[in-house]
Amino acid sequence: FDPAAFETGYREMTGRDIHCFNFGINASSAASTAALTRIVIEDYHPRLLLIGTDARDYAIPREDPDPAVVLNSPWVAYRQGKFSLEGWLLDISYLYRYRQHLGRLARFQFEATLWSNTEPNYKILPNGFTPLSKVGTFINDPPNPGNDSFNVPYYTRIYSSYQMLPENLEGLESIMKYNQSGIPVILVEMPVSDGLYYFFGNLELDYNRFLTRVGRLASLHHVPFWQTGPLDLIPDNGWVDYSHLNSTGAEIFSTWLGQQVGKAEHQGSIKAFQQ
């Protein structure tokens, strides 16, 4: 999600400026996203919540390393009501945060490891967006079972016996309830390539099951659920891999999303939230 492109799309439809930020964390589940959403609301009081989601968000259990690194971190746990001295210090003390960061640098050369594992121009912009230049050339092809790169075994593990876990559906519902407390929530299907369907045991039937279940919950909570699959928004050169957009794809998707939000506001389907 590219906030600058979103702002451009919104401005095109409304003539007004809007300020937004990408709070997404790579490999989150719906449960960990719910925990972070609560913190964002408490600390930043947003006028609008845009929640991007895909099928993966509901298949990953809390104890999986990806969401666990968020949910079990002392600061996030503290903000969810589980007191610890470290969590409290991380919440109130910038000095303690810097101390923790310097300790990681000294022990593990954390930054050097991080940057060496990414593309040369990898960076996180001040608005939270990570522009990526890589172009995935395989995104519409069936995966090669002999491919032992990260993507193929990872997606196979998640999707081959696809299940939507109750803890993640509960996380999604907890986010959508903010819509009833005066903060508009819009749920958006994140674009995925056609090649992703090959990983599901029942191909598109499993993926459509995700869309149907999420759509029903969104309707129950009066939350718009905007689906992108039928729109064919992203060109072949707009993907990093099966389910991640590079800078080209992110600009197209985010501009479209800004335009849609501007239209929805103009039509009165979401209340005005500009600041």
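**Exercise 1. Sort the residues that line the largest cavity by class: how many are nonpolar, polar and charged?**

Solution. The model is predicted.
Step 1. List the lining. Ala-30, Thr-33, Ile-51, Gly-52, Thr-53, Asp-57, Tyr-58, Leu-172 and Ile-175 form it.
Step 2. Assign classes. Tyr counts as nonpolar, and Gly counts as polar.
Step 3. Read off the result. The lining has 5 nonpolar, 3 polar and 1 charged residues.

**Exercise 2. Find which element gives the most to this lining.**

Solution.
Step 1. Find the contributors. Helix H2 (30–44), strand S1 (49–53) and helix H9 (166–176) each supply at least two residues.
Step 2. Pick the top one. S1 gives the most, with 3 residues.
Step 3. Add the volume. The largest cavity has about 60 Å³, and the structure holds 1 cavity of 30 Å³ or more.

**Exercise 3. Check the span of helix H1 (residues 3–14) against its number of residues.**

Solution.
Step 1. Take 1.5 Å a residue for the 12 residues of H1, which should therefore span 16 Å.
Step 2. Compare. The end C-alpha atoms of H1 are 16 Å apart, which agrees.

**Exercise 4. Describe the two ends of H1 and what covers its buried residues.**

Solution.
Step 1. Start at the N-terminal end. Asp-2 caps it, with a side-chain oxygen 3.1 Å from the backbone nitrogen of Ala-4.
Step 2. Go to the other end. Gly-15 follows H1, and its phi is positive, near 75°.
Step 3. List the buried residues. They are Pro-3, Ala-5, Phe-6, Glu-7, Gly-9, Tyr-10 and Thr-14.
Step 4. Name the cover. It includes S1 and helix H11 (247–267).

How values were computed
Residues numbered from 1 in each chain as written. Predicted model: local features only at pLDDT ≥ 70, side-chain atom pairs only at ≥ 80, totals over all residues. Heavy atoms only, no water. 1 Å grid on protein atoms, 1.4 Å probe; cavity = no way out; pocket = protein on both sides within 12 Å on 5 of 7 lines; lining within 4 Å. Points joined across faces, edges and corners; volume = space filled by probe spheres on them. Helix = DSSP H or I, 4+ residues; strand = E, 2+ residues; numbered from the N terminus. Expected span 1.5 Å × (residues − 1). Buried < 20%, exposed > 50% of the residue type's maximum accessible area, 1.4 Å probe, protein only. Contact = heavy atoms within 4.5 Å. Polar contact = N/O pair within 3.5 Å; in protein donor to acceptor, adjacent residues only side chain to side chain.
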